[in-house]
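Here are some short exercises on how two protein chains meet. Try each one yourself before you read its solution.

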Amino acid sequence: MFKWIHRFGSSPFVYRTANWLAPVFGIGAAVCILVGLYLGLVVAPADYEQGDSYRIIFVHVPSAWMSMFVYMVMATSSAVFLIWRMKLADIVAWASAPIGASFTLIALLTGAFWGKPMWGTYWIWDARLTSELLLLFIYLGYMALRSSIEQPQTAARAAAILAVVGVVNIPIIHFSVEWWNTLHQPATITKLDKPSMHISMLRPLLLMVAGFQLLYFHQLMVRVKTGILQREARTAWVAELVADNRV
Amino acid sequence: MITDQATNNEAVPHCLEAVDVTVWRGETLLLDRIKLHAKAGEVTQIAGANGSGKTTLLRVLCGAALADEGEVHWCGVSLSKQRDIFNEQLLHIGHRPGVHAQLTAVENLQLACKMGNGVESDIDSVLNALAILPIADIPAGHLSAGQQRRVALARLALLPHTRCWVLDEPLTALDQQGRDWVAGQIQMHSERGGVTVLTTHQPLSKNLSGPIYSLDAPIHG
Amino acid sequence: MDSLPLSTGLLALFRSLLTRELAVAIRSPGQWLNPILFFIIVITLFPLGVGPGPNTLSIIAPGIIWVSALLSVMLSLQSLFYDDLHNGSLEQFVLSAQPLSVVVLAKVFAWWILGGLPLLLVSPLLAILMHLPASAIPVLVLSLLLGTLTLILVGAIGAALTATVGNGGGILMSLLVLPLTVPVLIFGSGAVQAAALQMPAGGHLSLLVALLALALSLAPVATAAALRVAVSAS
């Protein structure tokens, strides 16, 4: 049933679609992020408790959200790859990993920058930041496993299993870290999440979330194109593309 | 279920088929659209120089490795649709013999019998026929290559109910007596209506006839 | 097939696989002796590094003992499938009609007897060295009993995924598995901390049981899938 997509023949179609979608997503992302940043950094008023430092949530919250979202995409496409051996699904998982890891790293760094004025220290073992750090390790493990197995087919299947195992584990890790945090942390610390938000702050935040989402899709399309070219380097249609200088 | 009928009905002769099996090893095409048809009662031989992909083809045929393109059929049904049914019928002796160095010949074979519903009570007589009964209680790691090979090959006699034999160089490291024993087992298996696919660099006994596929010149049907 | 009923057959298979693993291990004692020595040595390093004050030690003891147990299990697990992959046994297991997850469970259980059980046995001694209150020792042993089984089950997935990776496979395996073992560490050391503070540890322990149940049902399936991949690549 899924044979058609599993065939080499469908790759040119996917490649062309990705080629067409990449700039569309790219422009959408740029518009959302620029407008979002303007509304968030210039228009929105300063917070009466946190001053201007709260504005980092316009980057922190979308990237934290994307770090989870990208992992879900990765795990879902890995499962699809394992069940139906659909090569495109593996390319999506392969393409998503470094993007997701980057979002995770941005979430961690912005969390730390926010921590300095708020807590007086760059790092605090807050439940969210700790979960985010562990998520980064899981992303890095996925990429390390992929790069240390030479045979691409084996690497793909092993990495897919790891991604699926990870998705079962992430909620458990998250829950256990929350539990651990409530036991060890006095509850008085201001949390980075859920500030009661005024509409002037909510609007740029939602725009930034949409922008980051589109940014991910843009990056994904670019990397999917690369992935297809790498895997299909030996086929005639890629040779044609290269000959015509259209890559 | 169709699969059950196809494989359990003894009236249908068993057969193992490769349909356009293609395997890439990195950027090189190792197996190019291989077609192969191994029939019941025949010994199908795969010939080819070192590195021509014989071992890979055998591993794909028994389901240990996956083909990039193409399929393997057992009795007309794809292996991927009847894993367990096929595995019950399969006896594979690979490039690596599957003999644990820290276990004795008897211990190794006892487990092989448990895994494959073999006849455990026959182990001593089979080891005797293979002339390795006196060393059956020594960890296999201390045995010579030929003796270890014999331990692996003892499975041929212990799992006679299997219908599909896939043997990678079964004659390697064996002396004349050992080769005769293996040839005898294969002949009995063929007479029982079994399928045999093997690779070898040694000449097989004359009683064993069947098609020879060469991987040196590409096979296209 | 004229074989035994399925469940009895599988049980007999499990038993003979277990015997096989134990026989192999007894003939190469380094396999089970080294991890336990590692566990003891790592723990004795902490008083040397942190200072011998009984108060400090008793505070950090649950964490130290648990982290050391975690590392010792991970180090020993690297070679869980190595021999069987390289001598072709794993290929035979994959190509047999028997369920691969039974093979995995037998190996895991044998490994626990050799690599987990000794940790439990020496842990009271180490608890005394680390000035952990005597009242916490039963909870420590119980938490290690539940936790090490889960660790080995999860670690087996990593060992199977990295079985074909030659040099550096061991460190890679730890990279993959250690983040996944965080819940076990949290609840395991949490139980001991609670017990040391004279608080009930039942909540932690029952969560450890839940983790074990989850790992028992899912990890063998994932490990079996990873082993099929490893065999197809070897």
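**Exercise 1: How far to trust chain B**

Over residues 1-9 of chain B, pLDDT stays under 50, and the model has 15 contacts beyond four places in sequence for them. Keep in mind that this is a predicted model. Work out how to treat this stretch, then look at chain B overall.

*Solution.* Start with the stretch: pLDDT is under 50 for residues 1-9 of chain B. Where pLDDT is low, the predicted coordinates should not be read in detail. So don't lean on the details of those 15 contacts. Now zoom out: chain B has a mean pLDDT of 86, with 92% of its residues at 70 or more.

**Exercise 2: Sizing up the interface**

Find how many residues each chain brings to the contact, and how much area gets buried.

*Solution.* First, count residues: chain C gives 32 and chain B gives 29. Next, the area: the two chains bury about 2500 Å² between them, and 54% of that is on carbon and sulfur atoms. On the chain C side, C:Arg27, C:Gln92 and C:Leu95 lose the most area to chain B, together making up 25% of what that side buries.

**Exercise 3: The pairs across it**

Check that B:Arg59 and C:Glu91 form a salt bridge, using a 4 Å cut-off.

*Solution.* Their closest N and O atoms are 2.2 Å apart, which is within 4 Å, so the pair counts. Chains C and B have two salt bridges in total. There are also 12 residue pairs in polar contact across the interface. As for helices, α1(C) supplies the largest share of the chain C side, eight residues. Sorted by class, that side has 14 nonpolar, 12 polar and six charged residues.

Definitions and conventions. Residues are numbered from 1 along each chain as its sequence is written. Chains are lettered from A and ligands numbered from 1 in the order in which they are written. This is a predicted model: local features need pLDDT of at least 70, side-chain atom pairs count only at pLDDT 80 or more; totals for chains, interfaces and linings use all residues. Side-chain values use heavy atoms; hydrogens and water are left out. pLDDT is the predictor's confidence in each residue, from 0 to 100. Contact means heavy atoms within 4.5 Å. Buried area is the accessible area (1.4 Å probe) that two parts lose on being put together, summed over both. A salt bridge is a side-chain nitrogen of Lys or Arg within 4 Å of a carboxyl oxygen of Asp or Glu. A polar contact is a pair of N or O atoms within 3.5 Å; within protein, one must be able to donate a hydrogen and the other to accept it, and residues adjacent in sequence count only if both atoms are side-chain atoms. Helices (H or I, at least four residues) and strands (E, at least two) are DSSP runs, numbered from the N terminus. Ala, Val, Leu, Ile, Met, Phe, Trp, Tyr, Cys and Pro count as nonpolar, Asp, Glu, Lys and Arg as charged, and the others, Gly among them, as polar.
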